[in-house]
Every structure is written in C-alpha cells, then in structure tokens.
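Biologist: Could you walk me through this protein slowly, as I am still learning to read structures?
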Amino acid sequence: MKKPKIWIRVCVHILLFITLGVHSNKFDVNPVTDDISRLSILRQNIPKDYKIPVHYVTKEEGGMCWVKLNVFYLEESLQDLAHKFGNISSNRKDISIFIQMLQELRLNMGSLEPIMYDFECHYREERWQTARYFEFVKDFLIAAQNKEDSDDCDPPPCPTTPYTATTEEYLNDFETSALTEVVERSLLSLLFIPLLALVFLLVWKVRSCRNEEDLQQNPAEGGLFAGTEVTAPPLDAEISEKNMLNVIEIV
C-alpha cells in the first residue's frame with residue numbers, strides 16, 4: 001500500500017513542476033505581447049494625419065541590437081504621446097500599458113548607454129503618421145517577444161552625409177504648422193473687424209434713440225419762441241401822429 005502512495009506523490013510533484021515551469025516561461029513572454037491588439041484601437045482613435053516624433057535606428061543598421069537600440073527612445077516617445085491626452089482618457093490608459101511593458105523590458109536588458117553611444121550617429125529623428133508609428137511599435141514588440149537581440153553588436157560606419165530627407169521633412173512640417181498658425185491669426189483678426197464695426201453701430205444707434213427721446217419729452221425747449229410774434233411798432237405811424245399834433249398846436 002505504501003508503494004502506490006509514493007508513486008502518486010511522485011507523479012503529483014512532477015505535474016506541479018511541469019505546470020510551474022510552463023507558467024514561468026509564459027510570464028517571460030506575455031508581458032510584452034498580451035496587449036498588442038490594443039494597438040489597432042489606438043490607431044483608430046488617433047487622427048491619421050497626426051505626426052508623432054520618433055527617434056530610432058533602422059533594422060538594417062541596428063541588426064541584432066535593434067531592440068536594445070530603440071527601447072529607450074520608443075518608451076520616451078510613448079510617454080510624450082500619452083501626455084497629449086487627459087488623465088481619464090482611454091487612449092492614455094492603453095498607452096500607459098505599453099510604457100510599462102517597455103520599462104520592464106529595458107530594466108531586464110541592463111545598461112544600454114554603451115551600445116547607444118556606439119550607434120549614436122545612426123539615430124534618426126522623424127515625424128510619422130499614426131499608421132506608420134504604430135506599425136513600428138508592433139514590429140518592435142514582436143521582435144522583443146522573439147528575443148531578436150544580442151549582446152555583441154558592431155556598429156556600421158557612420159554616414160558621411162546627414163539624413164537630409166529627414167531634416168527637410170521636419171522643416172516642411174514646421175513651416176506648414178507655422179503657416180497654419182499665421183492663417184488662423186489672420187482669420188481671427190478679420191472676424192474682429194466686423195465685430196468692432198457692429199459694436200460701433202450699436203453705440204451710435206443707442207445714442208440717437210436717446211436724443212430723440214429727449215426731444216419728445218421737452219418739446220417747449222425747441223420751440224419756445226416759435227408761437228410768439230414780436231412786432232415792432234410802425235415808425236411811420238408814430239411820425240405822422242406827431243406831425244398832426246404839431247399842426248394842431250400851430251393852428
């Protein structure tokens with residue numbers, strides 16, 4: 001009777017060990033990939049023409065160190081994007097989940113400063129539309145899940161010329177935003193001019209109405225001497241009367 005009990009205990013321990021081992025392996029992967037489906041929701045909630053700043057290294061230049069080279073700046077970019085939304089926004093909540101994933105991934109990678117310094121001349125700064133940006137985030141999370149990274153990466157030679165296309169794109173975006181701001185200010189000023197004219201007309205109308213009311217309330221002031229006729233005595237009649245009296249006295 002003891003041998004069957006021993007075998008049962010052994011089997012139970014083996015099953016527990018296998019179960020815990022499988023779960024531990026899942027925990028190493030799932031924190032990065034469980035919520036990738038949220039990316040499609042974020043892509044739909046954010047306008048398509050919205051330009052999101054990105055600081056990154058391409059896969060061709062980063063090689064097996066591509067994940068390590070991009071984890072820090074991608075986390076920083078997502079933090080800036082999260083600040084664009086309110087504290088109770090669902091978009092900010094979803095973005096915070098990805099930020100937490102990247103923080104855990106970065107901490108598990110150890111110090112990244114040496115390798116980022118080696119690839120410093122290969123980083124690019126661009127502004128991507130929503131679809132391209134979240135496609136980049138998805139590719140990054142999939143690469144992190146598959147552990148496509150290495151501790152030994154040799155950076156390629158630095159480019160002899162700067163990335164002019166990136167600079168021109170950034171300047172075009174800046175000029176476009178500046179032009180839009182100028183147009184908006186011009187429209188506001190044009191709207192202010194008729195508003196000022198309307199206020200002036202209203203003030204003039206109110207004053208004219210008050211003047212008319214004053215005239216109606218005091219009609220005698222305007223026509224005080226209008227009904228009275230001031231007639232001076234005729235001078236010729238006085239002279240003739242005096243002449244007649246003189247003649248009578250002489251006679």
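Modeller: This is a predicted model, and in it residues 24 or more positions apart account for 87% of the contacts with a separation of 6 or more.

Biologist: What is the secondary structure, and in which pattern does it run along the sequence?

Modeller: The secondary structure comes to 10 helices and 2 strands, and if you read along the sequence you meet them in the pattern α-α-β-α-α-α-α-β-α-α-α-α.

Biologist: And how many of the residues are buried?

Modeller: The protein has 251 residues, and buried ones make up 23% of them.

Biologist: Let's turn to helix packing. How do people describe two packed helices?

Modeller: They use the angle between the two axes together with the distance between those axes.

Biologist: OK, what are those values for α2 and α7?

Modeller: Helix α2, which covers residues 38-45, packs against helix α7, residues 130-145, at an angle of about 165°, and their axes are 10 Å apart. Angles over 145 degrees count as roughly antiparallel, and α2 and α7 are therefore roughly antiparallel to each other.

Biologist: Is that crossing left-handed or right-handed, and which residues make the contact?

Modeller: The crossing of α2 past α7 is right-handed. On the α2 side the contact is made by L39, L42 and R43, while α7 contributes T130, A131, F134, E135, V137, K138 and L141. Sorted by character, the residues of this contact are 6 nonpolar, 1 polar and 3 charged.

Biologist: How does α5 sit against α7, then?

Modeller: Helix α5, residues 90-109, crosses α7 at roughly 40°, and the two axes come within 12 Å. The two helices are therefore oblique to each other, and α5 passes α7 in a left-handed crossing.

Biologist: Which residues meet there, and what kind are they?

Modeller: From α5 there are F98, L102 and L105, and they meet F140, L141 and A144 of α7. The residues of this contact divide into 6 nonpolar, with no polar and no charged ones.

Biologist: Changing topic, how many disulfides does the model have?

Modeller: The count comes to 2 disulfides. One of them is formed by C65 and C153, whose sulfur atoms are 1.5 Å apart, and with 95° about the S-S bond this link is right-handed.

Biologist: Where in the chain are those two cysteines?

Modeller: C65 is in the loop between α3 (59-62) and α4 (66-82), whereas C153 is in the loop between α7 and α8 (164-217), so the pair links distant parts of the chain, 88 residues apart.

Biologist: Are C65 and C153 buried or exposed?

Modeller: Buried means a relative accessible area under 20%. C65 has 0% and is therefore buried, and C153, with 16%, is buried as well.

Biologist: And what about the pair C121 and C158?

Modeller: C121 is joined to C158 by a disulfide with an S to S distance of 2.0 Å, and with -80° about the S-S bond the link is left-handed. C121 lies in the loop between α6 (113-118) and β2 (124-128) and C158 in the loop between α7 and α8, so this disulfide ties together parts that are 37 residues apart in sequence.

Biologist: How accessible are C121 and C158?

Modeller: C121 counts as partly exposed at 28% relative accessibility, and C158, at 46%, also counts as partly exposed.

Biologist: Last one: what is the pairing if you number the bonded cysteines in sequence order?

Modeller: Numbered that way, the pairing is 1-3, 2-4.

Key
Residues are numbered from 1 along each chain as its sequence is written. This is a predicted model: local features need pLDDT of at least 70, side-chain atom pairs count only at pLDDT 80 or more; totals for chains, interfaces and linings use all residues. Side-chain values use heavy atoms; hydrogens and water are left out. Axes are lines fitted to C-alpha atoms, for helices over the stretch in contact, and angles run from 0 to 180 degrees between N-to-C directions. Helices (H or I, at least four residues) and strands (E, at least two) are DSSP runs, numbered from the N terminus. Angles under 35 degrees count as roughly parallel, over 145 as roughly antiparallel, 65 to 115 as roughly perpendicular and the rest as oblique. A crossing is left-handed if the near helix is turned anticlockwise from the far one by less than a right angle, and right-handed if clockwise. Contact means heavy atoms within 4.5 Å. Ala, Val, Leu, Ile, Met, Phe, Trp, Tyr, Cys and Pro count as nonpolar, Asp, Glu, Lys and Arg as charged, and the others, Gly among them, as polar. A disulfide is a pair of cysteine sulfur atoms within 2.5 Å. Buried means under 20% relative accessible area, exposed over 50%, partly exposed in between (1.4 Å probe, protein chains only).
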